[in-house]
Amino acid sequence: MFGCGTSSGVPVVGCDCAVCVSGHPKNRRLRASLRISWRAPQGPQAAGGDEGGGGPEFVAVVDVGPDFRQQALTFGLPRLDAVLLTHAHADHIMGLDDVRVFNFRQGGEIPLYGNGQTLRAIRHVFSYAFEESQEGGGKPKLSLCPVSTPFELGGRLFTPLPIFHGSLPILGYRCGDLAYITDCSEIPESTFALLEGVQVLILDALRYHPHSTHFSLNEAIAASERIGARRTIFTHLAHDIDYRWPRFELPPGMEFGYDGLSFSLP
């Protein structure tokens, strides 16, 4: 996991709460993002790692927030073949300019996948990347790929997962036994059907008390229990969740995520 923090990050600027001043590495949370890499054509060998044999490594990132450059340097990003966007809020897209180094290194455009509303916002916010203008230090070269049905990426099938972030329709993603859902306040019945059989679930759980556009921890636990994943990792965590001292014991198979968490899939 590249990051498991909320929009302000943790520590929060100017905050002296126990979590923000703890200095504990698992209480330091960059903005929510996930690296997925695998060896084609066998399939994903790791989320956050590059173990395994087979063909050339394919690397995708879900969301590129303002911490993207720091995340790429801290956890390593040897290449970037695709970006999957959940939605166009600042904490999920404002590192997009930093993908240009991969344009320079790899040549060619980098595809961005998302729903139509998200990609229209990208074209607006990063208009300079799509206009004929001076290059200067370079511009990101991006190919916008709207998705609403399963699509192939590096020899693997990805399924968009429609969810709601308050009233905003956004996407999670499923690849094989892995599903990633952040910034979620509601999972439609049709999306629960798309989650059948998921073994590893990364799920939004902002804080202990309710929020209008995110799952609280109790809501996330209930959703996880319904989905029935073998392992659930909670993400997009705010600064009232202390990794060291949870307010209550999580159910078996559920855990708080942390920056740098990696795991392999069979």
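**Exercise 1. Which helices each supply at least two residues of the lining of the second largest pocket?**

Let's set the ground rules. This is a predicted model, where local features need pLDDT of at least 70, side-chain atom pairs count only at pLDDT 80 or more, and totals for chains, interfaces and linings use all residues. Residues are numbered from 1 along each chain as its sequence is written, and side-chain values use heavy atoms, with hydrogens and water left out.

Step 1. A pocket is found on a 1 Å grid over the protein atoms alone: it is an open set of points where a 1.4 Å probe fits, with protein on both sides within 12 Å along at least five of seven lines, and lining residues have an atom within 4 Å of a point.

Step 2. List the lining: Phe 68, Arg 69, Ala 72, Leu 73, Leu 77, Asp 98, Val 101, Phe 102 and Arg 105.

Step 3. Match these to helices, which are DSSP runs (H or I, at least four residues) numbered from the N terminus, as strands are (E, at least two). The answer is helix H1 (68–75) and helix H3 (100–106). H1 gives the most, with four residues.

**Exercise 2. Find the buried residues of helix H6 and say how they are arranged around its axis.**

Step 1. Buried means under 20% relative accessible area, with a 1.4 Å probe and protein chains only.

Step 2. In H6 (residues 217–227), the buried residues are Leu 217, Ala 220, Ile 221, Ala 223, Ser 224 and Ile 227. They cover an arc of only 165° around the axis, so they sit on the same side of H6. That arc is taken from the directions from the helix axis to the C-beta atoms.

Step 3. Here is the background: an α-helix has 3.6 residues a turn, so residues three or four places apart point the same way.

Step 4. Look at what covers this buried side: H5, strand E11 (200–204), E12 and E13 are included. Just after H6 comes Gly 228, with a positive phi near 80°.

**Exercise 3. Look up Asp 183 and His 236: is each buried or exposed?**

Step 1. Asp 183 lies in the loop between strand E10 (178–181) and helix H5 (189–194). Its phi is positive, near 55°, in a residue other than glycine.

Step 2. His 236 lies in the loop between strand E12 (231–235) and strand E13 (254–256). This residue is not a glycine either, yet its phi is positive, about 55°.

Step 3. Asp 183 counts as buried because its relative accessibility is 2%. His 236, at 1%, counts as buried too.

Conventions
Buried < 20%, exposed > 50% of the residue type's maximum accessible area, 1.4 Å probe, protein only. Contact = heavy atoms within 4.5 Å.
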